[in-house]
Amino acid sequence: MRCLRCFSLAILAILLLQFGCSHKTRETQTPAATGTLSVRLTDAPLDMANVQSVNVTLTGVIVYPRERGALGLPDAGQEFENGPRPVALLAEPTTIDLLTLTHGASVLLASGQVTAGTYERIRLEIAAADIIYKDQTSAPLKLESNKVDIPAEFSLTANGDASIT
C-alpha cells in the first residue's frame with residue numbers, strides 16, 4: 001500500500017512538472033509571421049464540342065501545412081500540436097465555369113493571410129458540379145467525397161506573397 005502511494009505521488013509530481021514547465025501563457029507567445037497567399041484555378045484544354053459549360057460550385061479552399069519533415073519527423077523547432085493549422089481561404093461559395101479556363105486562362109479562387117511556413121496540399125470543397133450541353137440539357141458530375149485534395153508543396157515567407165495555380 002505504501003509503495004502504491006509513493007508511486008502515485010511520483011506520477012503526480014512528474015505530471016505537474018511536465019505541465020508546469022511546458023505551459024505557455026498568451027502573454028509570452030509571439031504571433032506567428034504571416035504572408036499573403038493567392039490560389040488560382042486553371043484547366044487543361046479538352047475536346048468538348050457538345051458541351052457549353054462545366055460549372056463547379058466551391059464552398060472551401062483550404063491549405064494544409066506540412067506536418068512532417070523529410071524523415072517523417074516534425075520540422076526543426078516545430079511541434080505537431082503547436083505548429084501551423086490548416087487555413088480556410090474562401091470567404092463565400094463561388095461558381096466557376098471550367099470551360100472559361102482553357103488556353104492558359106485562370107481565375108482567382110481565394111486569397112488571404114497565411115502563417116509563414118511550408119504547405120503540402122490544397123483542398124477544394126465542392127458543393128455541386130454540373131455539365132451543361134449545347135442543347136441546354138444538363139447532368140450532375142459525381143464526386144465521391146465532394147472534396148478534391150491537390151498535392152502542392154510550397155513555402156510562404158514572412159511578409160511575402162505567393163501565388164499558386
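**Exercise 1. Find the residues that leucine 37 contacts, leaving aside its neighbours within four places in sequence.**

Solution. Start at leucine 37 and set aside its neighbours within four places in sequence; the contacts are then Val63, Leu89, Ala110, Ser111, Gly112, Val114, Phe154, Leu156, Ala162 and Ile164. Contact here means heavy atoms within 4.5 Å. A word on the source: this is a predicted model, in which local features need pLDDT of at least 70 and side-chain atom pairs count only at pLDDT 80 or more, while totals for chains, interfaces and linings use all residues. Residues are numbered from 1 along each chain as its sequence is written, and side-chain values use heavy atoms, with hydrogens and water left out.

**Exercise 2. Place Leu37 in the largest nonpolar core.**

Solution. First, the rule: a nonpolar core is a set of buried Ala, Val, Leu, Ile, Met, Phe, Trp, Tyr and Cys residues joined through side-chain atoms within 4.5 Å. Buried means under 20% relative accessible area, with a 1.4 Å probe and protein chains only. Next, the members: the core holds 29 residues, and Leu37, Val63 and Ile122 touch the most other members. Then look at where they come from: strand 1 (34–41), strand 2, strand 5 (107–115), strand 6, strand 8 and strand 9 (161–164) each give at least two residues. Strands are DSSP runs of E, at least two residues long, and helices are runs of H or I, at least four, numbered from the N terminus.

**Exercise 3. Set the core against the whole chain.**

Solution. Count the elements: there are 1 helix and 9 strands, in the order α-β-β-β-β-β-β-β-β-β from the N terminus. Of the 165 residues, 27% count as buried. Finally, take contacts between residues at least 6 apart in sequence: 82% of them join residues at least 24 apart.

**Exercise 4. Find the aromatic pair and classify it.**

Solution. Rings of Phe, Tyr and Trp (its six-membered ring) pair if their centres lie within 6.5 Å; planes under 30 degrees apart count as stacked, over 60 as edge-to-face and the rest as tilted. The count comes to 1 aromatic pair. The ring centres of tyrosine 119 and phenylalanine 154 are 5.5 Å apart and the planes stand at 15°, so the pair is stacked. Because tyrosine 119 lies in strand 6 and phenylalanine 154 in strand 8, the pair ties together parts that are 35 residues apart in sequence. Both tyrosine 119 and phenylalanine 154 are buried.

Note on methods: Buried < 20%, exposed > 50% of the residue type's maximum accessible area, 1.4 Å probe, protein only.
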